[in-house]
Amino acid sequence: SLRRPLLRAVELLASAARRRAPDLARRARDRLSVVTRTGWLCLVLLALSAWAAARLGWQEARAGAGVLALVVVTAGLWLIPRRAHAVTHELLEPRVTVGDDAVIHVRVANPTARTLLPVRMEMPVGPVEAVFAVPTLAPGAVDERGFVLPTSRRGIVTVGPVVSVASDPVGLVRLTRERTEPQEVHIHPRTIRLGSVLSGLMRDVEGAVTQELSSSDVAFHALRDYVPGDDRRNVHWRSTARTGRLMVRQFEETRRAHLLVILDLDEAAYGTDEELETAVSCAASLIIATMREGREVSLVTQTGAPPLTTAVRALDALTTLKAVADQEDLARLTRRAVAAVPRASVTALLTGSRTPAERIHRARVGLPVSTQPLALRVDAAASLHSTPIADIRVLTVPRLDALPRAMRR
C-alpha cells in the first residue's frame, strides 16, 4: 500500500532535481568564477604539497603547504560581503556628434553610518575600460569624478555598468559586483547646413503634374461619365444638364516633393573608411535639410529602409550603418529602392570613388522618368567637380564641407 506513494514521492524529487539542476550549475559556475588562474594554480600546488607531506613525509612540502594554506585563507577574507557603496553614472548628453566630447559623470556615495574602506571600481567604455579607486568615505561622504569619451568615430558606444572589484593582493580571487546599469551613447555623423540649395531643388518639383489620373486633386484634366463610387462633389452640373447624364470632373495627380536617398554601403565602392563616413554625413545632411523644410524623405541601403519619422531617429539609424561585403550592385539597389518608394520626385545616389561611371549610368536607367536624379560620388583624392553622365549630373565631393558648393553647381 505504501509503494505507490513512495514512487510518487521519488518521481517528484527527481523532477525537482532536474528543474533545479541548471540553476545549481549556474550558481556553482558563478561561485567558481571568482577564482583566478593564479588561484587555481595555488590550489593545485597546495594539494600537491599536502599529498607530498602526508605520503612522503617531506618537511619542505609541509612548510610549503602551510604557507599556501595561509595565503588561500587570507585571500578568502576578501570575498566577505562589504557594505555597498551607492553608485550612479549618467551621460550628460546621450547623443553627440562626431568630434564632440561625451562626458560621463560618476558619483559614489556612502549611505551608511560607518566609514567605508577604499575600493577599486571599473567601468567599461566601449572597447576600453576605465579603472578608478574610490578613497575612504566617511558617513554621508560623496566621491564624484568625470570621464571624457572620445567620439572620433560614428557608432553606438556602451558605457557601464560600473562594477566594484574585490581582489586580494596576490590575485588569487577576483569578485565583481555590478553597481549600475549600462547605458548607450549614440555618436551621430557630422552634418552641414545646405540652406536654400536643397530648398530650391525640392521646390522645383513640388506640385509637378504627373500623367496619372485621379478623381480628386487640383489639376483639372477632363470630364467623364459618372461611375458608382465617384464623389458627387465632383459632378459638373452644367454638362450634366446639357448631356442628360451625370458628368464628373477628372483630375491629374500632382506630386509633392519627396526625396529618396540611396546610400551605397558596398565596401568595394569606397577607397577608404573615411570616404564611407563622408558619404554617410552627406546623406545625413540631405535628410536633415529635407526634414527642416517639412518635406518627405526616405533612405534605402543594402541593409534596408529604416523609418525616418524624426530627425533624431534618422540620425540614430545612420549611426548604426556599416559597410557590407555586398553582391547587390548599385543598379539592383536602385531598382529595389524605386519599388519601395515609387512616388519619390527627387532621387540622390551616394556612392564612393571606386564606383565607375557606367555603373552610375545603369543605376540611372532604373529610375523612373518622372524623378529628378542626382548622384554624389565621394572621392577624398579628387577636387570638387561636376560631370554629366547622360541626363544625370554626378557631383564629386572630396569632403563634407564641399557639399553645399557641389549642390549649387
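## A salt bridge around D230 and R224

R224 counts as partly exposed, at 24% relative accessibility. In this predicted model, the side chain of R224 meets that of D230 in a salt bridge, with 2.8 Å from N to O. Is D230 buried or exposed? D230 is buried, with a relative accessible area of 15%. The cut-off for buried is under 20% relative accessible area, so D230 falls under it at 15%, whereas R224 at 24% is partly exposed.

## D225 and R245

Let's turn to another pair. D225 and R245 also meet through their side chains in a salt bridge, again with 2.8 Å from N to O. D225 belongs to strand 12 (residues 219–225), while R245 sits in the loop between helix 5 (237–243) and strand 13 (247–255). The two residues are 20 apart in sequence, so this salt bridge ties together separate parts of the chain.

How accessible are the two partners, D225 and R245? D225 is partly exposed, with a relative accessible area of 38%, and R245 is partly exposed too, at 45% relative accessibility. Elsewhere, R153, R154, E274 and E277 are joined into one network by salt bridges that share partners. A search of the whole structure gives 14 salt bridges. As general background, side chains of opposite charge can pair when their charged atoms come close.

## The three-strand sheet and its salt bridge

Which order do the strands of the three-strand open sheet follow? The order is 1-3-6, and the pairing is antiparallel. Strand 1 (86–91) and strand 6 (142–149) are the edge strands; each has a single partner strand, so one side of each is left without a neighbour in the sheet. On average, neighbouring strands here are turned by 15° against each other, direction ignored.

Strand 1 pairs with strand 3 (residues 102–109) in the antiparallel sense, over six bridges. Within that pairing, T88 stands opposite R107 in strand 3. R107 also takes part in a salt bridge with E144, where the closest N and O atoms are 3.8 Å apart. This salt bridge links distant parts of the chain, with E144 in strand 6 and R107 in strand 3, 37 residues apart. Both partners are partly exposed: R107 has a relative accessible area of 34%, and E144 has 48% relative accessibility.

## A hairpin with A130

Strand 4 (residues 119–125) and strand 5 (residues 128–134) pair in the antiparallel sense over seven bridges. Together, strand 4 and strand 5 form a hairpin with two residues between them. In the turn, G126 has a positive phi of about 65°.

Which residue in strand 5 is the bridge partner of M123? The partner is A130. A130 counts as buried, at 15% relative accessibility. A130 and G160 are 30 residues apart in sequence, and their C-alpha atoms are 9.5 Å apart in space.

## The six-strand sheet

A second arrangement to trace on screen is an open sheet of six strands, in the order 15-14-16-17-19-18 and with mixed pairing. Strand 15 (296–300) and strand 18 (385–389) stand at its edges; each has a single partner strand, so one side of each lacks a neighbour in the sheet. Neighbouring strands of this sheet are turned by 20° against each other on average, direction ignored.

Within this sheet, strand 17 (residues 372–378) and strand 19 (residues 392–397) pair in the parallel sense over four bridges. Here A375 has V394 in strand 19 as its bridge partner. In general, strands of a sheet pair through backbone hydrogen bonds, either parallel or antiparallel.

## The cavity

Rolling a probe the size of a water molecule over the atoms shows where empty space is left. How many cavities of 30 Å³ or more does a search of the whole structure find? The search finds one. The largest cavity holds about 30 Å³ of space.

Its lining consists of L260, V338, V341, A344, T347, L367, P368 and T371. By class, six of the lining residues are nonpolar, two are polar and none are charged.

Methods. Residues are numbered from 1 along each chain as its sequence is written. This is a predicted model: local features need pLDDT of at least 70, side-chain atom pairs count only at pLDDT 80 or more; totals for chains, interfaces and linings use all residues. Side-chain values use heavy atoms; hydrogens and water are left out. Two strands pair if DSSP finds at least two bridges between them. On a 1 Å grid over the protein atoms alone, a cavity is a set of points where a 1.4 Å probe fits but cannot get out, and a pocket is an open set with protein on both sides within 12 Å along at least five of seven lines; lining residues have an atom within 4 Å of a point. Grid points are joined across faces, edges and corners, and a volume is the space filled by probe spheres set on the points. Ala, Val, Leu, Ile, Met, Phe, Trp, Tyr, Cys and Pro count as nonpolar, Asp, Glu, Lys and Arg as charged, and the others, Gly among them, as polar. Axes are lines fitted to C-alpha atoms, for helices over the stretch in contact, and angles run from 0 to 180 degrees between N-to-C directions. A salt bridge is a side-chain nitrogen of Lys or Arg within 4 Å of a carboxyl oxygen of Asp or Glu. Buried means under 20% relative accessible area, exposed over 50%, partly exposed in between (1.4 Å probe, protein chains only).
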